[in-house]
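These are my notebook entries on a structure that is new to me. I set down what I looked up, entry by entry.

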Amino acid sequence: MSALKCSFFLSVLTLLVMISPLSHSPAGAQNSPPVDFKLIYRAAQLARHAYDKKSKILVRYGANITRVATPGNTNVQYILLHDHQRRIQIVAVRGTVDDTNWKLDRDKRIVRDGRSGVLLHRGFRRAAETIYRDVKPLLNPAYTTYLTGHSLGGAVAAILGIYLWDDAFRLGGIYTFGQPKFTNLQGATAYRDLPILRVVYQNDTVPLLPDQTRGDKQQFVHIGPVLNLLTGPYYLYGTAKQATQFSRRSFRKMLFQISLPDHKMKWYLQSLRDKQSGAKRVRFRDRNRYITRHKYGSGVDTTPPKRQFNFNHHN
């Protein structure tokens with residue numbers, strides 16, 4: 001591994017170990033990772049790298065890679081990194097890239113999860129269960145675990161976090177980007193202490209979905225606080241309670257502001273870079289003053305022809 005790549009990986013781990021590991025806490029403790037924009041930017045880079053081909057990932061991370069795999073038939077790739085000296089392990093999950101993933105996204109029937117006991121989005125649960133069976137034997141319960149992912153990968157990373165939480169793993173934090181909803185209000189309440197931070201860029205459409213299950217029998221809501229990235233140094237922060245309440249029927253609330261281009265990892269990374277030297281929190285009522293409108297197709301988009309739903313690939 002080159003000195004530059006080794007330096008990058010060590011910088012990620014150095015930022016991660018700055019955060020005290022979180023394990024199970026008393027009910028109502030409301031654990032959430034701190035708003036550390038340097039750490040969140042590194043987590044976003046890992047989420048972005050999960051989209052790369054296996055050969056490129058192996059070159060980038062070298063000896064720190066424990067596994068790069070797409071287990072089962074869901075075609076959801078994940079990366080597992082270890083730093084045995086610092087006793088850290090990191091799981092990064094890829095988002096939607098093809099028709100197989102798209103079918104998971106659309107399978108919004110809600111089912112009782114045998115591990116957690118709560119209701120979960122069937123497609124996301126299926127992908128998470130498949131990865132968990134594959135990755136768990138490679139995880140060390142004594143290490144601090146971090147998870148990250150974008151889009152579908154964010155929902156899967158969050159569910160993996162629930163499984164690890166229930167199995168008494170030490171969670172340092174779950175950082176998701178443009179993550180869709182995957183449970184109902186009862187599920188969000190049961191896991192209100194999960195150390196998760198959802199990051200949403202401006203008016204990204206995907207975190208507003210799915211609004212309801214097929215047949216409108218259940219409403220999907222979000223778990224955990226939300227960091228809403230706005231233009232330049234500006235951002236909005238919502239507590240877990242605020243974010244969960246707002247996420248009820250959120251697509252209908254935000255119908256006239258939604259933006260498909262805002263889902264691109266290009267813009268997430270750019271917005272986080274803009275906040276590295278200083279960030280300013282704004283009030284919700286002033287939020288629209290700090291929105292940059294992107295035209296559809298703007299930025300780097302390697303979407304194959306006739307695959308318009310796949311807008312997650314970025315350089």
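**Entry 1. The chain as a whole**

What percentage of the residues of the chain count as buried? I found that 57% of the 315 residues count as buried. I note at the outset that the model is predicted.

I then looked up the secondary structure and found 10 helices and 11 strands. For the accessible surface of the chain I recorded about 13500 Å². Carbon and sulfur atoms hold 52% of that surface.

I also looked up how far apart in sequence the contacting residues lie. Among contacts with a separation of 6 or more, 74% are between residues 24 or more positions apart.

**Entry 2. Helix α10**

I turned next to helix α10, which covers residues 265-273. Which of its residues are buried? I listed Met265, Trp267, Tyr268, Leu269, Ser271 and Leu272.

I then asked which elements the buried residues of α10 pack against. One helix is on the list, α2 (37-49). The strands on the list are β6 (144-150), β7 (170-177), β8 (196-201) and β9 (226-229).

**Entry 3. Leu46 in α2**

As α2 had come up, I looked up Leu46, which is placed in that helix. Is Leu46 buried or exposed? Leu46 counts as buried, because its relative accessibility is 4%, and the cut-off for buried is under 20%.

I also took down a distance for Leu46. Gly149 is 103 residues away from Leu46 along the chain, yet the C-alpha atoms of the two are separated by 7.8 Å.

**Entry 4. Helix α5**

Gly123 has its place in helix α5. I found Gly123 at 0% relative accessibility, so this glycine counts as buried. Setting aside neighbours within four places in sequence, I found Gly123 in contact with Leu104 and Asp107. Leu104 is 19 residues from Gly123 in sequence, and their C-alpha atoms are 4.2 Å apart.

**Entry 5. Salt bridges**

How many salt bridges does the chain have? The count I recorded is 13.

I looked up one between the side chains of Asp134 and Arg67, with an N to O distance of 2.7 Å. This pair links distant parts of the chain, as Asp134 is in helix α5 (residues 122-135) and Arg67 is in strand β1 (residues 65-69). The two are 67 residues apart. Arg67 has a relative accessible area of 31% and is therefore partly exposed.

Asp286 appears in two of my records. With Arg283, Asp286 forms a salt bridge in which the closest N and O atoms are 3.0 Å apart. With Arg289, Asp286 forms a salt bridge in which the closest N and O atoms are 4.0 Å apart.

I then looked up the accessibility of these three residues. Asp286 is buried, with a relative accessible area of 15%. Arg283 is partly exposed at 48%, whereas Arg289 is exposed at 62%.

I recorded one network as well: salt bridges link Arg48, Asp52 and Arg60.

**Entry 6. His222**

I located His222 in the loop between β8 and β9. Why does His222 count as buried? The reason is its relative accessible area of 3%, as anything under 20% counts as buried.

What is His222 in contact with, neighbours within four places in sequence left aside? I listed Gln179, Pro180, Lys181, Ala188, Arg198, Pro207, Thr244 and Ser247.

I noted the distance to Thr189 separately. His222 and Thr189 are 33 residues apart in sequence, and their C-alpha atoms are 9.9 Å apart in space.

**Entry 7. Surface patches**

My last search concerned patches on the surface. Which residues gather in a patch of positive charge? I found Arg248, Arg249, Arg252 and Lys253 there. Of these residues, I located Arg252 in helix α9 (residues 250-253).

A nonpolar surface patch is made by Leu255, Phe256 and Ile258, and I recorded about 340 Å² for this patch. Leu255 has its place in the loop between α9 and α10. I noted that Leu255 counts as partly exposed because its relative accessibility is 39%, a value that falls between the limits of 20% and 50%.

Technical notes:
Residues are numbered from 1 along each chain as its sequence is written. This is a predicted model: local features need pLDDT of at least 70, side-chain atom pairs count only at pLDDT 80 or more; totals for chains, interfaces and linings use all residues. Side-chain values use heavy atoms; hydrogens and water are left out. Patches are made of residues with over 30% relative accessible area and no salt bridge: like charges are joined within 9 Å, nonpolar side chains (Val, Leu, Ile, Met, Phe, Trp, Tyr) within 5 Å. Accessible areas come from the Shrake-Rupley method with a 1.4 Å probe; for residues, only the protein chains shown count as cover. Lys and Arg count as positive and Asp and Glu as negative; His and the chain ends are not counted. The place of a charge is taken as NZ of Lys, CZ of Arg, CG of Asp or CD of Glu. Helices (H or I, at least four residues) and strands (E, at least two) are DSSP runs, numbered from the N terminus. Buried means under 20% relative accessible area, exposed over 50%, partly exposed in between (1.4 Å probe, protein chains only). Contact means heavy atoms within 4.5 Å.
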